[in-house]
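Trainee: I keep running into words like "stacked" and "buried", and I'd like to see how they get decided. Can we go through one structure together?

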Amino acid sequence: MTREETQHNDQIKGKSTLSRRDLLKTGAVGGLGLLLGAGGIKGLGMLGESKQTASAAGDSDAVIPFHGAHQAGIVTPMQDFVCMGAFNLTITDIAEVRKLLKAWTVASARLANGESVGEESDNALVPPADTGEVMGLQAMRTTLTFGVGPSFFDSRFGLADKRPSKLVDIPAFKGDELVDEWSRGDLIVQVCANDPQVAFHALRNLARIARGKAVLRWLQQGFQRTGAADASGSTPRNLLGFKDGTVNTNVEDKQAVKDIVWAEAGDGASWMDGGSYMIMRRIRMRIEVWDRTSLGEQEATFGRHRQSGAPLGAAKEHDLADYAKQGKNGKPMIGADSHMAVASMGGKVKIHRRGYSYSNGIDIKTGQLDAGLLFICYNRDPSSQYIPMQAKMSEVDRLNEYIEHVGSGIYAMLPGVNKGGYIGDTLL
């Protein structure tokens with residue numbers, strides 16, 4: 001078995017390779033011992049408490065390998081939380097960009113291992129290397145996934161001729177209500193973990209490292225039901241109460257993943273071999289309107305039964321949809337304009353979804369909830385996968401009455417990093 005196959009198998013199984021507890025036992029945690037210092041006993045006590053929580057949540061103490069042929073966090077089984085941020089570069093020297101990516105690589109490998117972002121010292125006259133809010137916490141299956149947006153290939157860095165043809169500009173879709181502060185960015189970082197504080201900590205410390213070189217353009221945290229809340233691992237529900245993700249890529253099917261997710265050298269940009277293309281859409285849900293909608297209308301909108309997640313007219317979630325089956329009124333039970341029917345694209349177009357719900361409190365202008373879906377998907381070729389799918393959905397999806405797209409971005413997610421290499425080393 002090749003190293004790539006081993007990494008792939010480890011990711012899809014969420015296999016633990018080295019826990020933070022193991023690191024402590026072997027002394028391989030580097031600066032953590034210094035972090036604990038005189039409070040070491042108390043710190044170890046915190047580890048014990050975290051272990052109990054992690055046990056309840058299943059495999060939460062696992063470490064997902066940072067290095068490999070592909071970046072973790074794409075076909076890796078979804079963690080409970082995401083913290084995603086887009087950065088704008090404030091520098092124009094490509095050597096400085098490379099220096100930033102090298103620093104992020106070192107930090108990310110440590111963070112994925114459940115270590116502090118850098119070696120600490122006991123010098124009271126300088127700020128700590130790490131912000132410290134995850135001291136004593138486990139790795140929580142943290143993954144950090146990096147990409148670059150179309151603006152990365154403008155005139156600033158001399159990389160225009162390296163922009164992949166697959167990294168197209170997303171067209172304006174019908175009904176889009178995009179706002180600039182939730183769109184685009186030179187660099188994107190997706191951090192996923194089974195703890196929201198661990199995920200936030202990782203992105204916060206990357207932002208610290210980037211000071212003077214890049215600034216956050218937008219940041220969005222997201223969540224789904226946790227492993228502790230649903231140990232069965234059933235399909236999560238979105239904030240409209242319906243199962244979301246019933247039909248998604250089987251990441252254990254290597255051929256499907258190859259066809260749907262991974263870019264190859266022959267696709268037009270050799271440096272993207274092993275990478276992927278990510279679409280981010282921040283989709284606000286009109287929750288108050290939805291909550292006043294009848295159950296029948298809700299189910300007709302999705303084309304599924306709310307309770308079971310089964311297609312209308314079927315009994316179980318994963319039963320095949322019968323689009324010809326008629327109801328008592330003589331009309332198809334699953335409407336052609338239902339979300340399920342439109343998104344299926346007749347089975348000819350597929351993407352790999354990795355979405356999370358979000359809640360940002362209330363909109364102070366309207367007093368309504370600012371909540372919805374941080375839609376994330378990965379494609380090998382957005383022009384033949386996501387874009388035609390969204391174009392059709394924007395025209396006819398019955399769900400459009402209850403949602404609005406307010407943020408958008410497309411990014412070339414870089415190939416994996418080998419040990420000794422750095423993020424983006426096939427490009428820069």
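**Cysteines, rings and cores**

Mentor: Let's start with Cys192: its sulfur is 9.6 Å from the closest cysteine sulfur, in Cys83, and that is too far for a bond. Keep in mind that this is a predicted model.

Trainee: How do you know that 9.6 Å is too far for a bond?

Mentor: Set it against the cut-off: a disulfide needs the two sulfur atoms within 2.5 Å. The gap here is 9.6 Å, so Cys192 and Cys83 don't make one. In fact, a search of the whole structure turns up 0 disulfides.

Trainee: What makes Cys83 count as buried?

Mentor: Buried means under 20% relative accessible area. Cys83 comes out at 0%, so it's buried. Cys192 also has a relative accessible area of 0%, so it gets that label too.

Trainee: Okay, on to the rings. Why is the pair Phe242 and Phe302 called stacked?

Mentor: Two numbers decide it. The ring centres have to lie within 6.5 Å, and planes under 30 degrees apart count as stacked. Phe242 and Phe302 have centres 4.4 Å apart and planes at 15°, so the pair is stacked.

Trainee: Where do Phe242 and Phe302 sit in the chain?

Mentor: Phe242 is in the loop between β4 (214–223) and α7 (254–260), while Phe302 is in helix α9 (residues 295–302). They're 60 residues apart, and the pair links distant parts of the chain. Both Phe242 and Phe302 are buried.

Trainee: What makes Phe152 and Phe153 edge-to-face?

Mentor: Planes over 60 degrees apart get that name. For Phe152 and Phe153 the angle is 80°, with 5.7 Å centre to centre, so edge-to-face it is. Phe152 and Phe153 are both buried, and they form one aromatic cluster with Phe157 and Trp271.

Trainee: How do you know that Arg282 lies over the face of Trp182?

Mentor: One part of the test asks for the Arg CZ within 6 Å of the ring centre. Arg282 is at 3.8 Å from the centre of the Trp182 ring, and it's listed as lying over the face.

Trainee: Which residues touch the most other members of the largest nonpolar core?

Mentor: Phe87, Leu89, Trp104, Phe146 and Phe152 do, out of 76 residues in that core. Helix α5 (residues 94–112) gives the most to this core, with 8 residues. Apart from it there's another core of 23 residues, among them Ile74, Ala86, Trp218 and Trp262.

Definitions and conventions. Residues numbered from 1 in each chain as written. Predicted model: local features only at pLDDT ≥ 70, side-chain atom pairs only at ≥ 80, totals over all residues. Heavy atoms only, no water. Phe/Tyr/Trp six-rings, centres within 6.5 Å; stacked < 30°, edge-to-face > 60°. Buried < 20%, exposed > 50% of the residue type's maximum accessible area, 1.4 Å probe, protein only. Helix = DSSP H or I, 4+ residues; strand = E, 2+ residues; numbered from the N terminus. Lys NZ or Arg CZ within 6 Å of the ring centre and 35° of its normal. Core = buried A, V, L, I, M, F, W, Y, C linked by side-chain atoms within 4.5 Å.
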